[in-house]
Amino acid sequence: MNVIKAIQTGLVGYGLSGFTFHAPFMKTMDEFSVVKIMSSNEEKVKKDFPDTEVTNDFELVIRDADVELIIITTPNEFHFDMAKRSIEAGKHVIIEKPMVIESAKGDELVQLAEKHDVMLSVYQNRRYDGNFQTVKKLIDDGALGDINTYEARYDRFCPVLVGGWREKAEPGAGMLYDLGAHLIDQALYLFGMPHSVTADVQVQREDGKTDDYFHIILAYGKKRAILHCGLLALEQGPKYKVHGDKGTFIKYGEDGQESDLKEGKRPGDEGWGMDRPELYGTLYTEESEEKIVTVPGAYMNYYKGVYDCIRNGADCPVPGEDGVNTIRLIEAAIKSSEEKRTVKW
């Protein structure tokens, strides 16, 4: 019987990301014990972690000898500096996506983590969405044959600016770094690095300061991965549409874990990660149409992978190198859009 030795963890930031996407797993998984949280809102933190020390000083987090793992959930512009200081202090590090703003900075972190022999990982939780896992399983099982076209998108209707930092004209803001990081990571996870990138990145909303629309085409020989996002889509199309020489798979609807977390549900609750039957995707072949039961979503599997990496020497679930490649493609998409050309490797 394996004895669980909880990883002593410091959580940096308790905004939307820290509160919604990380804290619930820290509270419900025996593999982790949060010993310090950096936040300016101690009252909010204490409602969830009444016995955990709260500080507004990052230095106190990285100097804490008990802290083994630091989870960085601050705005994108602070990721690099905080991760670098954490690694230099000998801590394992998880960085909320996007990893960094510049790929060169990501390369520096990867090399630094290797030098200090610590884990560096990027929280790409959308790899563990049930709908994406269903797509991956169909591809891996050969149900679609050789893939020729893969389409994934975020269609949302948000015509009014909400005023958060992601909408400010600052490095790392905008939907390409935000939702684009998810779509790009998923494509890289399925197909690896493309041969070229062609992209159109725009600001469509009135008074918008940063991108809220993108259309990216990743080329893999004759195969295409098409990634799209728009915030002015009142009626939403398929989340995934995948064509192969044996069939097509079409899937509507978002994974439910995010909405469940925002509603206060927690991993392990009844129905966690389960899709609604009316949203099951359809596999089309020349012989038939078949509803495919969605693989249950499981964000906790990311953290189980982190535990196995740190405690048992297993492979990192989302290594820093993957995070860097995502940023490389974001940079290539920006360059392609600005210069109106295809960027090739």
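How many bridges pair β11 and β12, and in which sense? The two strands pair in the antiparallel sense over 4 bridges. Strands here are DSSP runs of E with at least two residues, helices are runs of H or I with at least four, and both are numbered from the N terminus. Two strands count as paired if DSSP finds at least two bridges between them.

The model is a predicted one, in which local features need pLDDT of at least 70, side-chain atom pairs count only at pLDDT 80 or more, and totals for chains, interfaces and linings use all residues. Residues are numbered from 1 along each chain as its sequence is written, and side-chain values use heavy atoms, with hydrogens and water left out.

The connection from β11 to β12 is a hairpin through 3 residues. Within this pairing, V242 has F249 of β12 as its bridge partner. β12 also pairs with strand β13 (residues 281-284), in the antiparallel sense and over 3 bridges. There, I250 has T282 of β13 as its bridge partner. In a regular strand the side chains alternate between the two faces of the sheet.

Next come the salt bridges, each defined as a side-chain nitrogen of Lys or Arg within 4 Å of a carboxyl oxygen of Asp or Glu. The whole structure holds 25 of them. One joins E254 to K239, with the closest N and O atoms 3.3 Å apart. E254 sits in the loop between β12 (248-251) and α8, and K239 in the loop between β10 (223-230) and β11 (240-244), so this salt bridge ties together parts that are 15 residues apart in sequence. E254 is partly exposed, at 32% relative accessible area, while K239 is buried at 4%. Buried means under 20% relative accessible area, exposed means over 50%, and partly exposed lies in between, computed with a 1.4 Å probe on protein chains only.

A second salt bridge joins the side chains of E167 and R205, at 3.4 Å from N to O. This pair links distant parts of the chain, 38 residues apart: E167 is in the loop between β7 and α7, and R205 in the loop between β8 (196-202) and β9 (213-220). E167 is buried, with a relative accessible area of 14%, and R205 is buried too, at 8%.

Within helix α6, the side chains of D140 and K136 form a salt bridge of 2.8 Å, N to O. D140 and K136 are 4 residues apart in the helix, which means that about one helical turn separates them. D140 is exposed at 52% relative accessible area, whereas K136 is buried at 17%.

The largest nonpolar core has 100 residues, and Y150, I216 and Y303 have the most contacts inside it. Helix α7 gives the most to this core, with 11 residues. Such a core is a set of buried Ala, Val, Leu, Ile, Met, Phe, Trp, Tyr and Cys residues joined through side-chain atoms within 4.5 Å.

The structure also has pockets. A pocket is an open set of points on a 1 Å grid over the protein atoms alone where a 1.4 Å probe fits, with protein on both sides within 12 Å along at least five of seven lines; lining residues have an atom within 4 Å of a point. The volume is the space filled by probe spheres set on the points, which are joined across faces, edges and corners.

The largest pocket holds about 1100 Å³ of space. Its lining has 42 residues, and L16, R166, D178, E258 and K262 lie nearest the centre. The elements giving two or more residues to this lining are α1 (16-28), α7 (175-191) and α8 (257-262). By class, the lining has 13 nonpolar, 16 polar and 13 charged residues. Ala, Val, Leu, Ile, Met, Phe, Trp, Tyr, Cys and Pro count as nonpolar, Asp, Glu, Lys and Arg as charged, and the others, including Gly, as polar.

The second largest pocket holds about 480 Å³. Among its 30 lining residues, E254, D255, G256, D275 and L279 lie nearest the centre. E254 is thus both a lining residue here and the salt-bridge partner of K239. α6 (130-141), β7 (147-155) and α8 each supply at least two residues of this lining, and α8 gives the most, with 3. The lining divides into 6 nonpolar, 12 polar and 12 charged residues.
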